[in-house]
Amino acid sequence: MATTNCDIAVVGAGIAGASVAAELAKSASVILLEMEDQPGYHATGRSAAILAQTYGPPAIRALTRASVPFFNAPPAGFCDTPLLSSRDILLIARPEQMDSLTAAYADTQADCPLRWLDAQQVEARAPLLRKNRIAAGFVNEAAQDIDVNALHRGYLRAFNKRGGTLHCKAEVTALQHGTNGWAIQTRTDQIRAKIVVNAAGAWADQLAGLAAITPRGLTPLRRTAITVDAPNDLDLTGFPMVIDIDEQFYIKPEGGRLMASPADETPSPPGDARPEEMDVAICVDRISQAFDLPVRRIHSQWAGLRTFAADGLPVCGFDGGTPDFFWLTGQGGYGVQTAPAMAQLAADIIAARPVNAALLAAGVDPAALSPDRQSLAVSH
């Protein structure tokens, strides 16, 4: 079997791997390895992504801020359609949840303009909500839906144009470090690379194990989603994404129907995630309690894995013990909306150049995302 040489091998062709591979291919020879027969089969292909400036802890919101310019004006030829479309986010609270609502409003109102709504205004903004159930809410009118497929394919197209090579059905089976870099064995290829980028998502700790590198305590969490019919008289054009302030559920328009999730976070082993009957039943129960929405038929149901580090932040940086092994994982539920900034940051670090000034100006702190940060060291 012939051996292929490259500067950098990126493992995992989801949004994290595709985006960083495209950035790296500007100045290096890059091979992108995907274990499935198509890229984006797992978390990326099952994401209902939305650009939410108020979503996540401060470090995530900084990465989102830094990603906005790319979403608004992607490079020429990157995609054929806009990456963003308008979609307000409405966060709601029952009377017993008001402390959570006011705390979230105070914590995130500096990230983008928010509008506080009383109970009547909430009901008017989301007319499916059951009457006299919600105490108050607030709306983010700057949020937007992300065309995940266009974003992912745009990065893959850019990667290809820059001379990168994508290998599908190329699960890594062995990873050995030597004086000349990495010897990588897949089911179909032998590859030598100076640097390995671990963008393997739910499999990231497993990949590290193949390389005899200490895992970073990453946990894949399963999330379930379903689609159901909307009432015939409901105009979905301006219907917001509605989120329970304690993330007990969310609902949003999707493909002419309503997509709903119980926002479950069930620890699961890496694999092809499937919805559990109980989680689907919980989803139907929660949205039926909150909305006047008879669920007569579930058109589709699926589950995806969102992978988190112990402190909830992404892992982005060279491994302290093996400095040519780069971690790019743990994006959790934020991977799509932060992909442009994460890819730029990772490429800057790998190329040993100063971090892009726009990232720093947006508040991105590379040290907070390091794989050797104290919060991860404690969790091992």
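In this predicted model, Asp-279 is located in helix 7, which spans residues 277–290. The relative accessibility of Asp-279 is 10%, and because buried means under 20%, this residue counts as buried. Leaving aside residues up to four places away in sequence, Asp-279 touches Arg-222, Thr-224, Pro-262, Asp-264 and Thr-266.

A helix–helix contact was examined next. Helix 1 (residues 15–24) and helix 5 (residues 148–161) have axes that come within 8 Å and cross at roughly 35°. The crossing of helix 1 and helix 5 is left-handed. On the side of helix 1, the contact is made by Ile-15, Ala-18, Ser-19, Ala-21 and Ala-22. Helix 5 contributes Leu-151, His-152, Tyr-155, Leu-156, Ala-158 and Phe-159. Sorted by class, the contact of helix 1 with helix 5 has 9 nonpolar and 2 polar residues, and no charged residues.

Strand 5 comprises residues 89–93, and 5 of the 5 are buried, so this strand is largely enclosed by the rest of the structure. In a regular strand, side chains alternate between the two faces of the sheet. In strand 5, Ile-89, Leu-91 and Ala-93 are on one side, whereas Leu-90 and Ile-92 are on the other. The residues on both sides are buried, and both faces of strand 5 are thus covered.

The pairing of strand 5 involves strand 7 and strand 14. With strand 7 (residues 136–140), strand 5 shares 5 bridges, and the two run antiparallel. With strand 14 (residues 241–244), strand 5 shares 4 bridges, and here the strands run parallel. Ile-92 takes part in both pairings: this residue stands opposite Gly-137 in strand 7 and opposite Asp-244 in strand 14.

A further sheet is open and is formed by 3 strands in the order 3-8-4, with antiparallel pairing. Its edge strands are strand 3 (50–51) and strand 4 (84–86), each of which pairs on one side only. Strand 3 is joined by 2 bridges to strand 8 (residues 144–146), and these strands run antiparallel. Within this pairing, Leu-51 has Gln-144 of strand 8 as its bridge partner.

Conventions: Residues are numbered from 1 along each chain as its sequence is written. This is a predicted model: local features need pLDDT of at least 70, side-chain atom pairs count only at pLDDT 80 or more; totals for chains, interfaces and linings use all residues. Side-chain values use heavy atoms; hydrogens and water are left out. Buried means under 20% relative accessible area, exposed over 50%, partly exposed in between (1.4 Å probe, protein chains only). Contact means heavy atoms within 4.5 Å. Axes are lines fitted to C-alpha atoms, for helices over the stretch in contact, and angles run from 0 to 180 degrees between N-to-C directions. A crossing is left-handed if the near helix is turned anticlockwise from the far one by less than a right angle, and right-handed if clockwise. Ala, Val, Leu, Ile, Met, Phe, Trp, Tyr, Cys and Pro count as nonpolar, Asp, Glu, Lys and Arg as charged, and the others, Gly among them, as polar. Two strands pair if DSSP finds at least two bridges between them.
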